[in-house]
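This briefing sets out selected features of one protein structure for a reader in structural biology. The sequence and model are shown first, and the points that follow are grouped by topic.

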Amino acid sequence: MNIGIVGTGMIAKELLSVLADRKDILCTALCGTERSVKVVEELCEKYEISKGMTDYEEFLQEQIDAVYLAIPNHLHFSFCKKALESGKNVIVEKPLAASEIESEELAKLAKERQLFLYEAITTRYLESYKKVKELLPKIGRIRLVNCNFSQYSSRYDRFLTGEKIPVFDAKQAGGALMDLGVYNLHYVMGLFGEPEDSVYYADMENGVDTSGMAVLTYSDFHAVCIAAKNSKAPFSYCIQGTKGYISQQTPANSCGAVKLYLNDGTEEVYDFNEGKHRMCAEFETFERQIYEKDYVSCYQILEESLAVSRVMTKLRWSAGIQWEWE
């Protein structure tokens with residue numbers, strides 16, 4: 001599968017390093033901005049990318065199987081919509097879009113044009129996460145779920161000095177919930193579905209949530225999802241049941257070893273990711289479904305992303321986070 005990448009930041013560079021060891025998925029075009037011309041040239045040379053450019057319209061004329069968008073959150077909707085209107089399949093970094101309305105419009109357009117549209121959430125494709133789903137019946141009735149994805153951002157100090165940084169700008173769909181909390185939502189909702197209710201208790205600084213706690217209400221338990229970019233804590237994911245618990249001490253986007261502990265003292269540990277980079281499984285799935293024209297599976301995955309977008313939009317409003325796109 002040939003893909004074209006839009007963006008030259010950390011995530012785009014990470015994907016290029018992963019694809020460098022693969023022969024089945026190739027990046028044949030890279031699009032940056034006028035400010036990143038030099039970076040585009042350097043990456044094209046390093047990874048033997050045949051076409052490098054800064055014009056998105058020109059980029060969309062390339063013969064590629066899918067567009068991968070690694071750009072700031074508030075640009076997801078406009079770039080994704082233009083790609084779909086140009087007849088391109090799209091893989092867009094999380095979140096799918098900045099709001100429920102935008103996500104719904106993109107999904108509708110993809111289905112009307114019979115195109116593939118994916119939100120690049122690594123969690124759902126990882127074998128260790130699939131094992132968590134398999135183990136759930138063993139721990140009995142679920143009573144409580146705790147998730148903590150907190151990591152001190154290297155950009156936070158610059159943000160405190162007044163520098164305008166996308167990930168810490170509500171007007172650019174930034175904040176802890178949109179950056180890290182989205183993984184917690186996918187982790188929980190991928191296991192238990194859409195909650196009956198949800199609320200977000202945010203720590204606000206200069207109009208943006210630098211950390212916060214989302215509480216998801218299900219019929220007989222609550223899930224507490226903590227995300228922080230202004231402080232650090234051990235990664236922790238724990239599902240407590242009447243017969244035991246399941247825990248992971250890795251962030252949701254890499255979803256490492258899984259521990260099962262039962263009340264009778266039984267303890268089991270599983271790790272099926274086999275040292276593979278977290279992006280491998282998702283791109284293998286994208287490639288297979290696009291090659292097989294498996295729209296049914298793609299749109300089932302898309303429905304999960306739409307559910308997360310609905311909840312995330314509600315959570316932001318519950319915390320009084322206001323935004324108008326620039």
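In this predicted model, helix α9 spans residues 278-292, and its buried residues are M279, C280, A281, E282, F283, T285, F286, E287, Q289 and I290. These buried residues pack against β1 (2-6), α1, β4 (66-69), β5 (90-93), β6 (117-120) and α10 (295-318). Directly after α9 comes K293, with a positive phi near 55°.

**The mixed sheet**

- An open sheet of 8 strands has the order β8-β9-β10-β7-β11-β12-β13-β14, with mixed pairing.
- Strands β8 (197-205) and β14 (267-270) form the edges; each has a single partner strand, so one side of each lacks a neighbour in the sheet.
- From one strand to the next, the twist averages 10°.
- Helix α8 (residues 176-192) packs on this sheet and touches β7, β8, β9 (208-217), β10 (222-228), β11 and β12 (244-248). The direction of α8 makes about 155° with that of β10.

**Strand pairing around β7 and β10**

- Strand β7 (residues 142-150) runs antiparallel to β11 (residues 236-241), and 6 bridges join the two.
- Within this pairing, I142 lies opposite G241 of β11, and N148 lies opposite S236 of β11.
- β7 also pairs with β10, here in the parallel sense and over 7 bridges.
- The bridge partner of V145 in β10 is A223, while that of N148 in β10 is I226. N148 thus has a counterpart in β11, namely S236, and another in β10, namely I226.
- β10 is joined to β9 by 7 bridges, and these two strands run antiparallel.
- A hairpin of 4 residues connects β9 to β10, and T217 stands opposite H222 of β10.
- β10 is largely enclosed by the rest of the structure, because 5 of its 7 residues are buried.

**The nonpolar core**

- The largest nonpolar core contains 113 residues. Those with the most contacts inside it are I3, F59, Y187, V188, F192 and I239.
- Helix α8 supplies the largest share of this core, 12 residues.
- Leaving out residues up to four places away in sequence, F192 touches L136, I142, V145, Y218, F221 and I239. Among these contacts, I142 is the residue opposite G241 of β11, and V145 is the bridge partner of A223 in β10.

**Packing of α1 and α2**

- Helix α1 (residues 10-19) packs with helix α2 (residues 37-47) at an angle of about 10°, and their axes are 11 Å apart.
- This angle makes the two helices, α1 and α2, roughly parallel, because angles under 35 degrees count as such.
- K13, L16 and S17 of α1 make the contact with V39, L43 and Y47 of α2.
- By residue class, the contact comprises 4 nonpolar residues, 1 polar and 1 charged.

**Surroundings of S128**

- S128 belongs to helix α6 (residues 127-135).
- Is S128 buried or exposed? Its relative accessibility is 0%, so S128 counts as buried, the cut-off being under 20%.
- Apart from neighbours within four places in sequence, S128 contacts Q248, C255, G256, V258, D271, F272 and N273.

**Backbone exceptions**

- Most residues other than glycine have a negative phi, and most peptide bonds are trans.
- Which peptide bond is cis? The bond from K94 to P95 is cis, with omega near -10°, and P95 lies in the loop between β5 and α5 (100-113).
- E48, although not a glycine, has a positive phi of about 55°. E48 is placed in the loop between α2 and β3 (51-53).
- With a relative accessible area of 72%, E48 is exposed.
- N206 is likewise not a glycine and has a positive phi of about 55°. N206 occurs in the loop between β8 and β9.
- N206 counts as exposed because its relative accessibility is 67%, the cut-off being over 50%.

Technical notes
Residues numbered from 1 in each chain as written. Predicted model: local features only at pLDDT ≥ 70, side-chain atom pairs only at ≥ 80, totals over all residues. Heavy atoms only, no water. Buried < 20%, exposed > 50% of the residue type's maximum accessible area, 1.4 Å probe, protein only. Contact = heavy atoms within 4.5 Å. Pairing = 2+ DSSP bridges. Axes fitted to C-alpha atoms, helices over the stretch in contact; angles between N-to-C directions. Parallel < 35°, antiparallel > 145°, perpendicular 65-115°, else oblique. Nonpolar A, V, L, I, M, F, W, Y, C, P; charged D, E, K, R; others polar. Core = buried A, V, L, I, M, F, W, Y, C linked by side-chain atoms within 4.5 Å.
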